[in-house]
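Visitor: I'd like to learn how to read packing and empty space in a model. Please take me through it one feature at a time.

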Amino acid sequence: MKLKRSLIWLIPSMLGLASCDSSYLDQTATTDLNEDVVFGDSTYATGFLTQIYADIGFDSDGDRFGNGGLQVACDEAEFRQASDITTGMAFATGTINPMIVTNDVWSKCYTNIRRCNKFLSCIGRTPMIESTRKQYIAECRFLRAWYYYTLVRHYGGVPVIGDTIYGADDAIKATRDTYEYCINYITGEVEDVLSQNILRPRTSGSANGRISEGVCQAFLSRVYLEAASPLHNGFEGKDYYTGIASDSMKLLLGYPTYNKERWKKSIDNSLLVMRSLGNYRLFEVHVNTEDSNSPEPGFGYYAVQIAADFLNITEYEDFKYPYGAYQEIILHKKAPEGVGLCQMYCPKSCGGGGSGGYLYWDLCEAFPMIDGKAINDATGKYIAAYSPITPKQYRDPRFGNIVTVNGMQQMSAGDKTHWVYTCIGDGATEDAIYDGTPTGVFIKKMVNRNCAGNYFVAPPMSRPLLRYAETLLNYAEAVNEYYGPDHTDYISASETISPYEALKQIRRRAGIEAGDDGMYGLKAGMTQDEMREAIRLERRLELCLEGFRFFDVRRWMIAEQTENKEMHGIELTHSGTNMTSGYTARVVTVRKHVFRKAMYFWPLPYDETVRLPELKQNPYYE
């Protein structure tokens with residue numbers, strides 16, 4: 001019988017496991033197997049759990065909308081032109097509505113929640129070692145919480161179905177639970193898993209990518225941080241909520257009153273990660289280990305994006321990294337080897353197709369100089385050295401690992417010395433602005449330096465979902481809001497952490513110079529407001545293109561400023577035959593972004609609200 005497609009209760013088959021790389025949860029295909037067969041065999045049951053893991057992190061995929069991901073739906077990147085209106089395009093232009101929004105979050109999350117419930121209800125009869133069964137149950141409960149979190153992050157409160165497994169003819173729950181109820185459910189599940197002491201402090205080797213204690217703690221740090229943020233933490237005095245007449249609708253989106261203690265919960269869980277037996281830390285390496293250990297400030301920032309290639313770097317100076325570049329990664333999305341990321345981001349001449357979008361010049365200009373000072377800061381040591389023609393010179397080294405600009409070398413068809421030129425005029429190539437890129441630059445983050453979209457070498461495409469740098473930034477933000485910028489905590493008997501120290505660690509790993517004052521370009525004696533802006537800038541830079549910015553500007557309630565303005569590119573015009581000189585630069589408008597109040601949350605897909613009228617649509621979309 002063909003089942004009717006129904007909202008959240010899509011009834012997935014027991015079959016067709018999504019692929020992960022071969023080292024992850026030894027898979028066995030279960031096509032055409034029924035429930036009794038799957039859960040009567042430990043290998044098949046393990047494969048079913050793999051199926052649940054497979055979609056984790058889908059919402060931050062760089063090509064989620066076909067012509068970009070969340071980065072093109074905010075002020076990070078321009079989308080690739082497409083014939084159809086995509087979700088990213090609609091958010092950028094302010095035209096998002098229930099009719100055109102993708103339903104991927106709604107369908108994938110509830111599909112996987114149902115898989116979790118099926119697994120939890122059936123795993124008890126699977127023949128396997130009891131300790132393994134308990135571990136799998138703990139992992140599955142976390143995954144269910146993760147998918148609910150993904151829903152809540154997009155929509156606010158959603159229907160929580162607990163352990164229920166709906167059949168095709170069952171009356172299903174279609175009323176949304178409050179934001180508070182959803183957060184309590186998510187955090188309660190994860191905290192209960194932690195209390196059972198079943199999971200390992202961290203995973204490694206073939207178990208990389210599976211749930212650990214560190215994953216649970218870092219996840220709680222994030223969830224509590226978002227719940228404590230202005231968008232959710234109390235309605236009073238917020239313009240967004242004054243336009244919503246119904247108190248019941250407001251409760252779907254946040255807490256009725258502000259509670260400062262919500263910040264403290266994020267602090268506590270961040271500290272648990274820092275003090276963890278998992279020994280997480282930033283992967284700070286300042287030599288290029290692919291080039292005879294040549295000096296390269298901030299090389300570790302590049303390496304952690306493709307950690308599988310840097311397992312053998314186990315120490316640098318006084319730092320020990322028993323897990324190599326995975327030392328910083330708490331959870332990552334496992335993916336097979338391939339050139340998909342290269343084709344997503346690389347320049348045309350390197351086999352790229354632009355499905356991940358193109359970085360805005362506005363983000364490029366936000367990166368400081370190598371002394372940590374803004375490009376226009378008159379107190380900076382290198383202010384005279386900055387030029388939009390040679391923007392990489394004396395810059396924060398993260399810049400060169402995130403963006404490809406005119407005159408940079410990048411792998412193409414096996415040639416590592418290939419030059420990328422985005423200029424117009426003499427010597428223009430297929431990578432030129434208005435042809436290869438609408439912004440005059442390309443995205444480079446997560447692209448393996450030894451690979452290209454037009455080259456046969458296929459690198460690992462796994463990417464971080466939770467990493468230690470985020471936890472440091474979560475801690476810094478929550479402490480600044482709860483205590484203020486000068487508060488200090490002990491990580492161990494000899495090591496302390498504070499908002500200043502968290503930012504210094506991140507900037508030091510980035511390769512920014514300490515300076516005579518040892519502040520890495522940070523202002524001493526910052527007020528709470530100044531520290532807040534410093535933390536927000538560091539999140540924008542350190543975590544760019546990882547799916548954070550879209551939600552950060554919303555939870556801070558600054559999207560009406562950041563998303564309501566013109567976005568820019570850089571136009572270089574070249575004259576002459578010498579490609580190393582003869583350039584003029586002009587900042588050009590690429591697109592005017594438009595933000596409406598409705599866009600603080602996603603609209604529920606139209607089909608779902610029509611099918612179930614009890615399912616309330618989010619504000620300002622009616």
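Guide: Let's begin with contacts, meaning heavy atoms within 4.5 Å. If you leave aside neighbours within four places in sequence, Tyr-148 is in contact with Tyr-110, Ile-113, Val-158, Pro-159, Val-160, Ile-161, Gly-162, Tyr-185 and Ile-186. Keep in mind that this is a predicted model, where local features need pLDDT of at least 70 and side-chain atom pairs count only at pLDDT 80 or more, while totals for chains, interfaces and linings use all residues. Residues are numbered from 1 along each chain as its sequence is written, and side-chain values use heavy atoms, with hydrogens and water left out.

Visitor: Which residues touch the most other members of the largest nonpolar core?

Guide: In soluble globular proteins, nonpolar side chains tend to be buried together. A nonpolar core here is a set of buried Ala, Val, Leu, Ile, Met, Phe, Trp, Tyr and Cys residues joined through side-chain atoms within 4.5 Å; buried is under 20% relative accessible area, exposed is over 50%, and partly exposed is in between (1.4 Å probe, protein chains only). The largest core has 171 residues, and Tyr-148 and Leu-151 touch the most other members. Helix 5 (130–155) gives this core its largest share, 13 residues. Helices (H or I, at least four residues) and strands (E, at least two) are DSSP runs, numbered from the N terminus. There is also a second, separate core of 17 residues, with Phe-283, Val-285, Phe-310 and Ile-313 among them.

Visitor: On to empty space. How many cavities of 30 Å³ or more does a search of the whole structure find?

Guide: Rolling a probe the size of a water molecule over the atoms shows where empty space is left. On a 1 Å grid over the protein atoms alone, a cavity is a set of points where a 1.4 Å probe fits but cannot get out; a pocket is an open set with protein on both sides within 12 Å along at least five of seven lines; lining residues have an atom within 4 Å of a point. Points are joined across faces, edges and corners, and the volume is the space filled by probe spheres set on them. The search finds eight cavities of 30 Å³ or more. The largest has a volume of about 150 Å³. Of its 14 lining residues, Val-152, Arg-153, Glu-226, His-232 and Phe-551 lie nearest the centre. Helix 5, helix 6 (179–195), helix 7 (213–228) and helix 18 (549–555) each give two or more residues to that lining.

Visitor: How does the lining of the largest cavity divide by class?

Guide: Ala, Val, Leu, Ile, Met, Phe, Trp, Tyr, Cys and Pro count as nonpolar, Asp, Glu, Lys and Arg as charged, and the others, Gly among them, as polar. By that scheme the largest cavity is lined by nine nonpolar, one polar and four charged residues. The second largest cavity, about 120 Å³, also has Arg-153 among the residues nearest its centre, along with Ser-60, Arg-222, Leu-465 and Glu-546. Two or more of its lining residues come from each of helix 5 and strand 13 (463–467), and helix 5 provides the largest share, four residues. Its lining divides into five nonpolar, four polar and five charged residues.

Visitor: And the open kind: what volume does the largest pocket have?

Guide: About 1,000 Å³. Its lining runs to 40 residues, with Lys-392, Gly-407, Met-408, Gln-409 and Lys-444 nearest the centre. Helix 14 (398–402) supplies the largest share, three residues. By class you get 17 nonpolar, 14 polar and nine charged. The second largest pocket comes in at about 560 Å³, and helix 17 (528–542) gives the most to its lining, six residues.

Visitor: Last one, helices: how far apart are the end C-alpha atoms of helix 15?

Guide: The expected span is 1.5 Å times one less than the number of residues. Helix 15 (residues 468–482) has 15 residues, so it should span 21 Å, and its end C-alpha atoms are indeed 21 Å apart. Helix 15 is also mostly covered, with 15 of its 15 residues buried. Gly-484 follows helix 15, and its phi is positive, near 115°.
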